[in-house]
Amino acid sequence: MGSRPLSLDQVTWCCGIFKGWFEAAGERGIAILVDRQADGAPAFMIQSRSVDTDDEGPKNHPRPVTLVAELHIQFCPWCGRRLADVYRDAIDLMARPQLRQAQP
Ligand SMILES: [Zn+2]
């Protein structure tokens, strides 16, 4: 393990697949998001987004539509490492609360 990263370029990723899905956030489809919970603990999520971030979605649909869904994870789904250990020093660089699901 290296020293504390100062930018995302310096983050040591658990694997290239995780990095790829992290970089996909904000676009329609699946992505990895990182944030801190209210108590400061790191949170890692798989996010599914039905529309791009600047798209407010279908109008006048007769039933509720899920535009964004988030599933919390503790281990990388591809390499199996414990995410809180791998990214302990990088959480605040990786957090993108503007891409989170809107809280009701
Ligand atoms: Zn991984």
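Is F18 buried or exposed, and how many other C-beta atoms lie within 10 Å? Some notes on that and on the rest of the fold, bearing in mind that this is a predicted model.

1. **F18 first.** F18 is found in helix α1, which covers residues 16-23. F18 has 20 other C-beta atoms within 10 Å; the cut-off for a buried residue is 20 or more, so F18 counts as buried. Leaving out neighbours within four places in sequence, the contacts of F18 are W13, I32, C76 and W78. F18 and A31 are separated by 13 residues in sequence, and their C-alpha atoms are 9.0 Å apart.

2. **Overall layout.** The protein has three helices and three strands. Reading from the N terminus, the order of elements is α-β-β-β-α-α. The C-alpha trace spans about 50 × 30 × 25 Å along its principal axes. Of the 104 residues, 13% count as buried. As for contacts between residues at least 6 apart in sequence, 50% of them join residues at least 24 apart.

3. **The sheet.** The three strands make an open sheet, ordered β1-β2-β3, with antiparallel pairing. β1 and β3 are the edge strands with a single partner each, so each has one side without a neighbour in the sheet. On average, and with direction ignored, neighbouring strands here are turned by 30° against each other.

4. **The β1-β2 hairpin.** Strand β1 (residues 29-36) runs antiparallel to strand β2 (residues 42-49), and eight bridges join them. If you want to walk along the ladder, A31 has Q47 as its bridge partner in β2, L33 stands opposite M45, and D35 stands opposite A43. The two strands form a hairpin with five residues between them. In the turn, G40 has a positive phi of about 90°.

5. **The other side of β2.** β2 also pairs with β3, again in the antiparallel sense, over six bridges. Two of the facing pairs are handy for orientation: R49 stands opposite V68 in β3, and I46 stands opposite L71. As for burial, β3 (residues 68-73) has six residues and the number buried is zero, so this strand lies largely in the open.

6. **The loop between β2 and β3.** If you scan the backbone torsions, have a look at N60, which is found in the loop between β2 and β3. N60 has a positive phi of about 60° although it is not a glycine. Is N60 buried or exposed? N60 has 4 other C-beta atoms within 10 Å; the limit for an exposed residue is 12 or fewer, so N60 counts as exposed.

7. **The nonpolar core.** Which residues make up the largest nonpolar core? There are twelve in all: F18, A25, A31, I32, L33, V34, F44, C76, L83, V86, Y87 and A90. β1 and α2 (83-86) each supply at least two residues of this core. The biggest contribution comes from β1, with four residues.

8. **Why the β1 run caught my eye.** In a regular strand the side chains alternate between the two faces of the sheet. The core takes in A31, I32, L33 and V34, and these sit within the residue range 29-36 of β1. When you open the model, that stretch is the one to page through alongside the list of core members.

9. **A25 as a meeting point.** A25 is another member of the core. Setting aside neighbours within four places in sequence, A25 is in contact with A31, I32, L33, Q47, R96 and L99. Among these partners, A31 and Q47 are also bridge partners of one another across β1 and β2. I32 turns up in the contact list of F18 too, while A31, I32 and L33 are listed in the core.

Key:
Residues numbered from 1 in each chain as written. Predicted model: local features only at pLDDT ≥ 70, side-chain atom pairs only at ≥ 80, totals over all residues. Pairing = 2+ DSSP bridges. Contact = placed C-beta atoms within 7 Å. Core = buried A, V, L, I, M, F, W, Y, C linked by C-beta atoms within 7 Å. Axes fitted to C-alpha atoms, helices over the stretch in contact; angles between N-to-C directions.
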